[in-house]
Amino acid sequence: MGTGGGSVSGTLRVVNPANGELITSVPAVSAAEVAVAAERAHRVFESRIWSGTSPRERAEVLLRLAGLMERDAELLARLDSEDAGKPITECRTGDVPGAIESVRWFAEAADKVFGRVAPTGHDSLGLVSREPVGVAAAILPWNYPLAMAAWKVGPALAAGNSLLLKPAEATPRSALHLAALAAEAGLPDGVLTVLPGHGPVTGTALARDPWVRALSFTGSTATGRRILADAADTNFKRVSLEMGGKSPQVLLPDALHYGDELIENMVEAAFLTMGQNCTAGSRVLVHRAIADEVLARFTAAAKALVVGDPARPDTQMGPLISRTAFTRVADAVDAARAAGARIHTAGLPHGLPPHGAYYPPTVITGAPDGSEVLTRELFGPVVTVQTFTTEEEAVRLANATEYGLAASVWTRDLDAAFRLSRGIQAGVVSVNAYSEGDLTTPFGGWKQSGFGGAEKSTSAFEQWTSPKTVWIRTR
Ligand code: NAD
């Protein structure tokens, strides 16, 4: 998977994908520097300056952090929009408020998640608690830079760990600002360390580091495979993986009951963040009886999306992260066309900056079985449409992928909705919505999308803590 901004050894070049211009250069952390940072994080953990505080005290620092993020919300939105090419409105209304809410939610949860007492006899007491792992690490993707940082920082710090955070090459600035805000909020030095760097150098060093006891990764399946192998090869650090997807949107014969709301949700599912979204609904599976009408309305809505400068508030689709990503998407669509598929697109508007990696919203019908556009995560504004006639066929098509992150099902028939949500192999199935739920619901994928349910909700604490049983013999 491409990582956007180009790089030279020792430096990350942060490039604006909207125009190809250099925004800034950031020093890239070397493997030796990772080792130093990890050892320091270990010493800070052992000092108990953070790990020894009460959960309530930790909650208060994290609540202050959420307040400071709110103060700097506009700046944070601008950093992610410029670095990742995301429409500013999406950052202002989605990513940044979501990140603030996440830090606040985990702060509030810090002193509300209880351990357990085992049902023993009267001569003993079994206490089951969850303890911080010590040094924890998180490796982030570029598509939701601040939001993914917040999903990790919130529970990892609330649990009392020291955290090493590696942002993606293309998008280091919001994580660096988050660390500055954490210091301002009163987080002790060395508890949160942001390590911008190259995946194969900085990321590999984290995955192989002997002090790191738990590593949470969000990114591509190929990188996840490497990280798991590195962990196995070194100290068996606990790894949680949140990876790619090829998520279906299943429309049963009565789905058009939801009218414009259905079409709007389909468009959001397919084209949010230019389709560079792990849960993108990149495969529409529609019942044959309504396929023509759905295709006409969906295609018209996709063609009407406003493509342009991400800094403009009315822009709905900005550029892809890089020219490399553009070529990957364009090649896959060209191959589908050559194999006989039909491509529906309005093309790009005139006047876009020539060096921006813009790709138009694209709908594909008639892709041959097994073709790349049906099976591979393209990570771009491209969605395929396939038809079915029976529920069994819909489930078979939905599951005809090595991914299992998300799915949506549209119908008023409660029994059918339930049957499909049981039958589809995915970590999150939403009914009559495109949604990952909210912070109260666990998030994660099945199959090659990940280990499932490790993010959000109180379940998130499981990836950042280790269970401990204390057995007390009473007399
Ligand atoms: P990527 O795998 O290229 O990079 C992700 C991170 O891994 C980056 O920080 C990168 O520097 C680092 N990395 C790269 N090589 C590494 C290595 N050998 N060892 C350790 N770290 C390494 O992914 P990306 O292109 O940044 O992000 C897009 C992918 O992320 C997509 O597949 C998308 O579906 C997935 N994603 C998943 C979720 C989810 O919650 N499931 C959320 C967002 C994105």
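Which residues does Pro27 touch, not counting residues up to four places away in sequence? In this predicted model, the answer is a short list: Gly10 and Pro196. Pro27 belongs to strand 3, which covers residues 21–27. Its partner Pro196 is 169 residues away in sequence, yet the two C-alpha atoms are 7.4 Å apart in space. With a relative accessibility of 61%, above the 50% cut-off, Pro27 counts as exposed.

From this one residue, it helps to step back to the overall layout. The protein is divided into domain 1, made of residues 8–243 together with 450–473, and domain 2, made of residues 248–438. Taken over C-alpha atoms, the centres of domain 1 and domain 2 are separated by 30 Å. Where the domains meet, 23 residues of domain 1 are in contact with 28 residues of domain 2.

The interior comes next. In soluble globular proteins, nonpolar side chains tend to be buried together. Here, the largest nonpolar core has 57 residues, and those with the most contacts inside it are Leu65, Met69, Leu157, Leu163, Leu165, Leu187 and Leu192. Helix 5 (residues 145–158) supplies the largest share of this core, namely 10 residues. Both domains take part, as at least three residues of the core come from each of domain 1 and domain 2. Apart from this core lies another one, of 51 residues, which includes Met266, Met274, Met317 and Ile364.

Leu163 offers a closer view of the 57-residue core, being one of the residues with the most contacts inside it. Once neighbours within four places in sequence are set aside, Leu163 is in contact with Ala136, Ala137 and Ala138, among others. Its further contacts include Lys152, Val153, Ala156 and Leu157, as well as Val191, Leu192 and Thr193. Trp464 is also in contact with Leu163.

Helix packing gives another view of the fold. Helix 3 (residues 73–84) packs with helix 6 (residues 173–184) at an angle of about 155°, and their axes are 8 Å apart. Angles over 145 degrees count as roughly antiparallel, and helix 3 and helix 6 are therefore roughly antiparallel to each other. On the helix 3 side, the contact is made by Leu75, Leu76, Leu79, Asp80, Glu82 and Asp83. Helix 6 contributes Arg173, Ser174, His177 and Leu181. Sorted by class, the contact of these two helices has 4 nonpolar, 2 polar and 4 charged residues.

Note on methods: Residues numbered from 1 in each chain as written. Predicted model: local features only at pLDDT ≥ 70, side-chain atom pairs only at ≥ 80, totals over all residues. Heavy atoms only, no water. Axes fitted to C-alpha atoms, helices over the stretch in contact; angles between N-to-C directions. Helix = DSSP H or I, 4+ residues; strand = E, 2+ residues; numbered from the N terminus. Parallel < 35°, antiparallel > 145°, perpendicular 65-115°, else oblique. Contact = heavy atoms within 4.5 Å. Nonpolar A, V, L, I, M, F, W, Y, C, P; charged D, E, K, R; others polar. Core = buried A, V, L, I, M, F, W, Y, C linked by side-chain atoms within 4.5 Å. Buried < 20%, exposed > 50% of the residue type's maximum accessible area, 1.4 Å probe, protein only. Domains from an automatic or database assignment.
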